[in-house]
Amino acid sequence: MTQPTSRRDLLALLGLALAGGPLAACAGGAARRRGPRASANQLQALVASMRGADAPFALQGRFSVRLESPGVSGTTKGALVLHQPDRFRVEIHSPFGTPMVLIASDGRALHAWAAKDNQFFRGDDAAAVLSQLTAGAVALSDVNAMLTGALPLPQAPVVDLAEDDDGLVRLTMAGPEAVQVRAVLDPRTERTRQLRVVRAEGRGEGPVPGLPTGETLLQVDYLEVARVGRSLLPEQLVVSLPTLGWSLELEFLSWDELGRIPEVFALTPPPGATERDLVQTLQGLAEAQAGAAAGQG
């Protein structure tokens with residue numbers, strides 16, 4: 001059965017909030033690869049430089065978005081406001097420019113609202129919402145880091161770091177519950193090319209040969225960047241959640257640094273809204289997709 005439009009829009013927006021694009025702000029050139037093969041110290045310096053890069057304190061962005069998912073596809077526009085370290089608001093607009101779906105975090109809760117049927121999805125525990133989507137690999141403080149250009153999980157242990165034959169650096173970080181976060185870094189530009197959250201299962205030929213490979217929960221491919229002030233920010237990227245069966249292509253039309261931060265991060269149910277639990281809603285979507293995949297197997 002095709003999911004109601006409001007739930008599909010909600011899922012797309014959650015993916016956007018989780019994966020706006022870890023493209024690091026401009027960092028010093030000391031960590032850049034200077035020879036045909038980087039030393040272990042140079043690789044570690046690259047990671048430290050990207051983890052320590054400053055991100056803009058507050059931003060406003062406008063974008064177009066194309067969604068491909070079971071039973072629905074289409075293109076529309078949206079906007080977001082970010083305030084470091086963990087407050088954000090993302091909007092998907094209707095063709096008439098009115099809000100169609102909203103999602104916001106005030107640093108503790110993560111709620112969403114869909115205009116269709118006036119449904120409010122309550123996530124009083126933001127960590128529980130993100131755990132449902134990424135098996136606990138991404139914390140609330142990582143969301144803005146990813147959206148504004150920092151490499152996420154700054155405290156996560158690095159379990160593998162190597163340069164491949166193309167001169168790119170492949171980084172694997174340990175997460176909870178046998179989950180790994182893998183990144184492909186370009187040492188020439190100090191930008192992230194790809195980010196994957198993987199539920200590791202067994203040994204195999206993954207991004208780093210010999211490391212565990214398994215189900216991909218989230219993947220982001222970073223295609224283009226644009227300079228905003230002293231930073232490079234996402235211009236084009238593709239986000240996918242294979243376990244939920246959809247992909248999202250974003251093209252940012254503009255980014256602006258904000259001097260004054262609007263108070264738009266608290267989201268409450270509008271009059272007459274039907275309330276649903278956000279974590280339970282996401283669980284239902286995942287189970288429906290798993291059932292559909294099993295039926296096709």
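**Helix 3, ring pairs and cores**

Reader: Which residue caps the N-terminal end of helix 3?
Author: This is a predicted model, and the clue sits at the backbone nitrogen of Ala127, where a side-chain oxygen lies 3.1 Å away. The residue that owns this oxygen, and so caps the N-terminal end of helix 3, is Asp125.

Reader: Okay, and which residue just after helix 3 takes a positive phi?
Author: Helix 3 covers residues 126-134. Just after helix 3 comes a residue with a phi of about 55 degrees, and that one is Ala135.

Reader: How wide an arc do the buried residues of helix 3 cover around the axis?
Author: The buried ones in helix 3 are Ala126, Val129, Leu130, Leu133 and Thr134. As a rule, residues three or four places apart in an α-helix point the same way, because there are 3.6 residues a turn. Here the buried residues do sit on the same side of helix 3, because their arc is only 110 degrees.

Reader: Let's move to the rings. How many aromatic pairs does a search of the whole structure find?
Author: One pair is Phe63 with Phe252, which is edge-to-face, with 5.6 Å centre to centre and 65 degrees between the planes. Another is formed by Phe252 and Trp255. For the whole structure, the search finds an aromatic pair count of 2.

Reader: How many residues apart in sequence are the parts that the pair of Phe63 and Phe252 ties together?
Author: Phe63 belongs to strand 1 (residues 58-69), while Phe252 belongs to strand 13 (residues 246-257). Phe63 is buried, at 1% relative accessible area, and Phe252 is buried too, at 6%. Because of where the two rings lie, their pair ties together parts whose separation in sequence, in residues, is 189.

Reader: Are the rings of Phe252 and Trp255 stacked or edge-to-face?
Author: Their centres are 4.5 Å apart and their planes meet at 20 degrees. Planes under 30 degrees apart fall in one class and planes over 60 in another, so this pair counts as stacked.

Reader: Which residue joins Phe63 and Phe252 in the cluster that ring pairs link?
Author: Phe252 is a partner in both ring pairs described above: with Phe63, and with a residue that counts as buried at 9% relative accessibility. The cluster therefore takes in Phe63, Phe252 and that residue, Trp255.

Reader: How many residues are in the largest nonpolar core?
Author: In general, nonpolar side chains in soluble globular proteins tend to be buried together. Here, Phe63, Leu110, Leu185 and Trp255 touch the most other members of the largest core. Another core lies apart from it, with 6 residues, among them Leu102 and Phe120. The number of residues in the largest core is 62.

Reader: Over in strand 12, is Ser240 buried or exposed?
Author: Ser240 is in strand 12 (residues 231-241). Beyond its neighbours within four places in sequence, its contacts include Leu217, Gln219 and Trp246. With a relative accessible area of 16%, below the 20% cut-off, Ser240 is buried.

Reader: What distance separates the C-alpha atoms of Leu237 and Arg193?
Author: Leu237 is also in strand 12, and it is buried, with a relative accessible area of 0%. Arg193 is 44 residues from Leu237 along the chain, and the C-alpha atoms of the two are separated by 9.7 Å.

Reader: Last one: what percentage of residues in the protein chain count as buried?
Author: The protein chain has 5 helices and 14 strands. Out of its 297 residues, the share that count as buried is 51%.

Notes. Residues are numbered from 1 along each chain as its sequence is written. This is a predicted model: local features need pLDDT of at least 70, side-chain atom pairs count only at pLDDT 80 or more; totals for chains, interfaces and linings use all residues. Side-chain values use heavy atoms; hydrogens and water are left out. Rings of Phe, Tyr and Trp (its six-membered ring) pair if their centres lie within 6.5 Å; planes under 30 degrees apart count as stacked, over 60 as edge-to-face and the rest as tilted. Helices (H or I, at least four residues) and strands (E, at least two) are DSSP runs, numbered from the N terminus. Buried means under 20% relative accessible area, exposed over 50%, partly exposed in between (1.4 Å probe, protein chains only). A nonpolar core is a set of buried Ala, Val, Leu, Ile, Met, Phe, Trp, Tyr and Cys residues joined through side-chain atoms within 4.5 Å. The arc is that of the directions from the helix axis to the C-beta atoms. A polar contact is a pair of N or O atoms within 3.5 Å; within protein, one must be able to donate a hydrogen and the other to accept it, and residues adjacent in sequence count only if both atoms are side-chain atoms. Contact means heavy atoms within 4.5 Å.
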